[in-house]
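Colleague: I have this protein open on my screen and would love a guided tour of one part of it. Could you take a close look with me and then show me how that part sits in the rest?

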Amino acid sequence: MTKIISLAKRRGFIFPGSEIYGGLANTYDYGPLGVELLRNIKNLWWKHFVNKRSDIYGLDSGIIMSPKVWQASGHTDSFTDVLIDCKKCKSRIRADHLIENHFEKKGKEIKVEGFSVEKIKDIIDKEKIPCLSCKAFDWTKPRQFNLLFETHIGIVDESRSKAYLRGEIAQGIFINFKNVLDSQSPDLPFGLAQSGAAFRNEITLGNFIFRTLQFNLSELEYFFNPKKQKWQDLFDYWKKEMWTWTTEILGVNKKNLRWREHIDNERSHYSEKTEDLDYNFPFGGFKELYGLAYRTDFDLKNHMEKSGVDLRYTDEKTREKFIPHVVEPTFGMDRSFLVCLLDSYFEEKGKKEDRVVLKLKPYLAPYKAAVFPLSANKEELVKKAKEVYEMLRPEFSTAWDDRGNIGKRYYSQDEIGTPFCITIDYDSLKQNDVTVRDRDTTKQIRVKIEELGEFLKEKIKT
Ligand code: GAP
């Protein structure tokens, strides 16, 4: 993890948030290479789950919605974590993480998320779990803490009214359900998808971008008629879809993944069944990458009750009106990003030098190709290489490097996952071709300059 964090900073993937002011805990910024990788993941998600399917529509609702949305959805009451403070060093921690971390050190995996405050206190007292920072055993009473990020609407103090930044993307979907019915007349089953920033007032153990205050979330609500389809069948269907996305499209090694069902107290207030797709992270082993929940008709029913607007679906044939049920696959995009970095990171022994290589799927890589003149001080080579670089750039994200020797340039591109390095040498001037070196095999072939575009297109297609 330390190596990934250092690479991410050094090569411009991820920077600590507000760094010049001493930083702001649990916030990060994406750098020039990070933003490319993140966008590639997000765009691919959209293409795969929205554009390629005829049963899923996209949406883009606001980050700030009426506070009534969060009251109706149950988030103002139930979207909570149990926190505890160390009286000695004043550090604050999520009590479930404190307990889970304690048992992890003993080689036991337990889940206490959703346990009552009393039960949590009992475990901490019984196990005499000390503070992670100062090792004292001097805790305040555990208490519930709401995760919704508060903000205020209105510029004049008296007219200020409390609002929330969205804690999940899903609510923007539920409150637009009727608008989509009225404008698109979709047949059930159908899905609504949305991708964007979500905010949670998280207290974390500081595992890089695993848990942050602001994060990128892509969610999909799949609505169906519970009289015509069994939720279990749809749940299984989406489990398979999520698995395909993770293993085949992101290319994550199956060995590092597992499904885990939530125990009763752990499940969110809206869910009747939840399974997490866990990844084997280098900090503390298997942890949630994505989630899949059967939310029943909980959300639409509550919004219909609280808003007074009829959110029922009308069956065209039978004219029956009913509230559809929903299965929700949810995908954290920052965790996808982190997993792509972790899972593609390799250290390899070379004949001359060892190398670090990110074996990202070519379509995910920040740069698809890098162009080098064999020598930086040979004008004719630089001119030809610039022509190739300018030719590729409009279509492929392409890097330019003329520093140091070719070997160093290869290693520098390997470390950021560039799948193809293109060198213009003296033969290029005579033959109008280049060497293309493959990141993973390190093998080189010659390709005609006029065929380079087609060559790259073929290699980076999804
Ligand atoms: N609508 C369902 C929902 O929000 P969740 O399990 O609370 O479910 C969904 O969150 C996904 O968002 C998680 O599977 C995870 O990938 C990601 N996630 C949740 N909290 C996060 C945080 N604080 N920082 C980064 N990613 C987070």
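Which strand order does the open sheet of five strands have, and what kind of pairing?

Modeller: Happy to help, and please keep in mind that this is a predicted model. The five strands of that open sheet follow the order 21-20-22-23-24, and their pairing is mixed. Strand 21 (398–400) and strand 24 (444–448) are the edge strands, each pairing on one side only. From one strand to the next, the twist averages 30°.

If you zoom in on the end of the sheet with strand 21, you will find strand 20 (residues 369–373) beside it, the two pairing in the parallel sense over three bridges. A handy pair to click on is Val-371 and Trp-400: the latter, in strand 21, is the bridge partner of the former. Helix 12 packs on this sheet, where it touches strand 20, strand 21 and strand 22 (420–424). The direction of helix 12 makes about 165° with that of strand 20.

Helix 12 also has a helical neighbour. Helix 12 (residues 379–392) packs with helix 15 (residues 452–460) at an angle of about 50°, and their axes are 10 Å apart. The two helices are therefore oblique to each other, and their crossing is right-handed. On the helix 12 side, the contact is made by Val-388, Met-391 and Leu-392; on the helix 15 side, Leu-452, Gly-453 and Leu-456 take part. Sorted by class, this contact of helix 12 with helix 15 has five nonpolar residues, one polar residue and no charged ones.

Now for how this part sits in the whole. The protein has 15 helices and 24 strands, and its C-alpha trace spans about 75 × 65 × 50 Å along the principal axes. Of the 462 residues, 52% are buried. Among contacts with a separation of 6 or more, 66% are between residues 24 or more positions apart.

Another open sheet is worth a visit. It has three strands in the order 6-5-7, with antiparallel pairing. Strand 6 (92–94) and strand 7 (143–146) each have a single partner strand, so one side of each is left without a neighbour in the sheet. Neighbouring strands here are turned by 45° against each other on average, direction ignored. Strand 5 (residues 80–85) runs antiparallel to strand 6, and three bridges join them; Asp-85 has Arg-92 of strand 6 as its bridge partner. This sheet has a helix on it as well: helix 5 (residues 95–105) touches strand 5 and strand 6, and its direction makes about 75° with that of strand 6.

Elsewhere, strand 11 (residues 214–224) is mostly covered, with ten of its eleven residues buried. Strand 10 (residues 190–199) runs antiparallel to strand 11 and is joined to it by ten bridges, with Phe-215 of strand 11 as the bridge partner of Ala-198. Strand 17 (residues 325–332) is also antiparallel to strand 11, through six bridges, and Phe-331 of strand 17 stands opposite Ser-218.

A second helix pair is there to set beside the one we began with. Helix 2 (residues 32–51) and helix 9 (residues 231–249) cross at roughly 140°, their axes coming within 12 Å. That makes helix 2 oblique to helix 9, and the crossing is right-handed. Helix 2 brings Ile-41, Leu-44, Trp-45, His-48 and Phe-49 to the contact, and helix 9 brings Trp-238, Glu-241, Trp-245 and Ile-249. Seven of the residues in this contact of helix 2 with helix 9 are nonpolar, one is polar and one is charged.

Finally, a few backbone details for your notes. Most residues other than glycine have a negative phi, and most peptide bonds are trans. The bond from Leu-188 to Pro-189 is cis, with omega near -5°, and Pro-189 lies in the loop between helix 8 (177–184) and strand 10. Asn-26, in the loop between strand 1 (14–16) and strand 2 (28–30), has a positive phi near 65°. At 16% relative accessibility, Asn-26 counts as buried. Arg-319 has a positive phi near 65° and lies in the loop between strand 15 (313–314) and strand 16 (321–322). With a relative accessible area of 52%, Arg-319 is exposed.

Terms used
Residues numbered from 1 in each chain as written. Predicted model: local features only at pLDDT ≥ 70, side-chain atom pairs only at ≥ 80, totals over all residues. Heavy atoms only, no water. Buried < 20%, exposed > 50% of the residue type's maximum accessible area, 1.4 Å probe, protein only. Helix = DSSP H or I, 4+ residues; strand = E, 2+ residues; numbered from the N terminus. Pairing = 2+ DSSP bridges. Axes fitted to C-alpha atoms, helices over the stretch in contact; angles between N-to-C directions. Parallel < 35°, antiparallel > 145°, perpendicular 65-115°, else oblique. Left-handed = near helix turned anticlockwise from the far one by under 90°. Contact = heavy atoms within 4.5 Å. Nonpolar A, V, L, I, M, F, W, Y, C, P; charged D, E, K, R; others polar.
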